[in-house]
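Student: I'm new to this one. Could you show it to me and let me ask where the labels come from?

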Amino acid sequence: MNVDKELFETYAFYSGVLVVKVLVMSFLTARQRFKKNNFISPEDGAKRSGVKIGVGIDDDVERVRRAHQNDLENIFPFLFLAFLYIFTNPSLATATLVFRIFTGARIMHTIVYLLCIPQPSRALAFMVATLTNLYLGYKVITYFM
Amino acid sequence: MNVDKELFETYAFYSGVLVVKVLVMSFLTARQRFKKNNFISPEDGAKRSGVKIGVGIDDDVERVRRAHQNDLENIFPFLFLAFLYIFTNPSLATATLVFRIFTGARIMHTIVYLLCIPQPSRALAFMVATLTNLYLGYKVITYFM
Amino acid sequence: MNVDKELFETYAFYSGVLVVKVLVMSFLTARQRFKKNNFISPEDGAKRSGVKIGVGIDDDVERVRRAHQNDLENIFPFLFLAFLYIFTNPSLATATLVFRIFTGARIMHTIVYLLCIPQPSRALAFMVATLTNLYLGYKVITYFM
């Protein structure tokens, strides 16, 4: 199997950005945990006073966790689909555009989620990214059928 | 590194189907959320009346979320393992069979889960897919050791 | 696109180990569920007496689930980043070292988590793995930019 070098490089760059974006969510969760003194395991807050242990206690912590989970559910599918997509002979311009739209929509999704910007902002960011994923899925399935 | 074209195409097709299957879970969750009026973030139900905000409130919403989460825990591992597996020189017939069994078992898993079909149906679907994953893992680890 | 055979084989081996490690978490969760009689769906415990159905009821079950979730959030990103990283012309020695450090740190993370070993053990295991991921992310983004 061969793939165009530039297509692969474009895929690799946007994938790198998206995975690092997912990793950053862990730090944003940790930041809220320290700020709101809400940890998840009994051993985590042993040396702090007034610690709340558990899930679902602090709204700001849960908000970051939901944004993180939404990334797992949508960015990982993109990374698989986009990789297979570059083997379907797309033009470099189309692939770059699609990868940029997805990356932009998912970064917007997190910003909108964490800043509590009113709906339908988050629904829109989600739909743009999901429609991109479904487009890639359609291209992959029909090409390799 | 080279891989047989037909093996890669078979992998790409079943991967495309499985990833789209995972993406569909988001829509099934949204459908239950609107049906049961149970949303996850305060800003989501701002314009509806009688909205319940939170996790763990509605059994039907939670059921779809559990099926979705189970997909993340099992389908993503398959996508990685099956990709590495096609580089271990399997026969096309074996690989196709293994990919079909896994895809069928995971689609069955979701159907059984969402329709509340009594156990051990779900346990069986889960085990068929997981044993397939462990088989692929064994092949990959021993081949590349 | 071409990649060194030995680099790919090293990647494939450690990826196989890590994915199987993630799959094992399902069995560790099931073990705690049977031990503590705490299942997640009403149909699961139909034939057992004294069954508790739900999430967040049993601390030992939740602990395994958190370790599992943490794997999804960190091991899957590694599998994507490490794959792209082997196309950035790293030396085989460096790549092997990086993959070993990550694999060791994530196995330690689970051991420390499940045995409730006091902090900062888990924080350290987490940070070693996450810094490795960020290093790979940095290498991938700068190389393919």
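Tutor: Let's take the labels one by one.
This is a predicted model, where local features need pLDDT of at least 70 and side-chain atom pairs count only at pLDDT 80 or more, while totals for chains, interfaces and linings use all residues. Residues are numbered from 1 along each chain as its sequence is written, chains are lettered from A and ligands numbered from 1 in the order in which they are written, and side-chain values use heavy atoms, with hydrogens and water left out.

Student: Why is Lys21(B) called buried?

Tutor: Buried means under 20% relative accessible area (exposed is over 50%, partly exposed in between, with a 1.4 Å probe and protein chains only). Lys21(B) has 12%, so Lys21(B) counts as buried. You'll find Lys21(B) in helix α1 of chain B, residues 5-36; a helix here is a DSSP run of H or I with at least four residues, numbered from the N terminus.

Student: What makes the pairing of Lys21(B) with Asp71(B) a polar contact?

Tutor: The rule wants a pair of N or O atoms within 3.5 Å; within protein, one must be able to donate a hydrogen and the other to accept it, and residues adjacent in sequence count only if both atoms are side-chain atoms. The side chains of Lys21(B) and Asp71(B) make such a contact at 2.5 Å, and those of Lys21(B) and Thr110(B) make one at 2.9 Å.

Student: What makes Arg63(B) and Glu43(C) a salt bridge?

Tutor: A salt bridge needs a side-chain nitrogen of Lys or Arg within 4 Å of a carboxyl oxygen of Asp or Glu. For Arg63(B) and Glu43(C) the N to O value is 2.8 Å, which fits. The rule finds 3 salt bridges across the interface of chain B and chain C. On the side of chain B that touches chain C, the elements giving two or more residues are α2 (59-85) and α4 (121-144), and α2(B) gives the largest share, 12 residues.

Student: How many residues of chain B and chain C are in contact?

Tutor: Contact means heavy atoms within 4.5 Å, and 29 residues of chain B are in contact with 28 residues of chain C.

Student: How do you know that chain C and chain A are related as by a three-fold rotation axis?

Tutor: Copies are superposed by least squares on the C-alpha atoms of residues with pLDDT of at least 70 in both. Chain C can be laid on chain A by a turn of 120° and a shift of 0.0 Å along the axis, with an RMSD of 0.0 Å. The two copies are therefore related as by a three-fold rotation axis.
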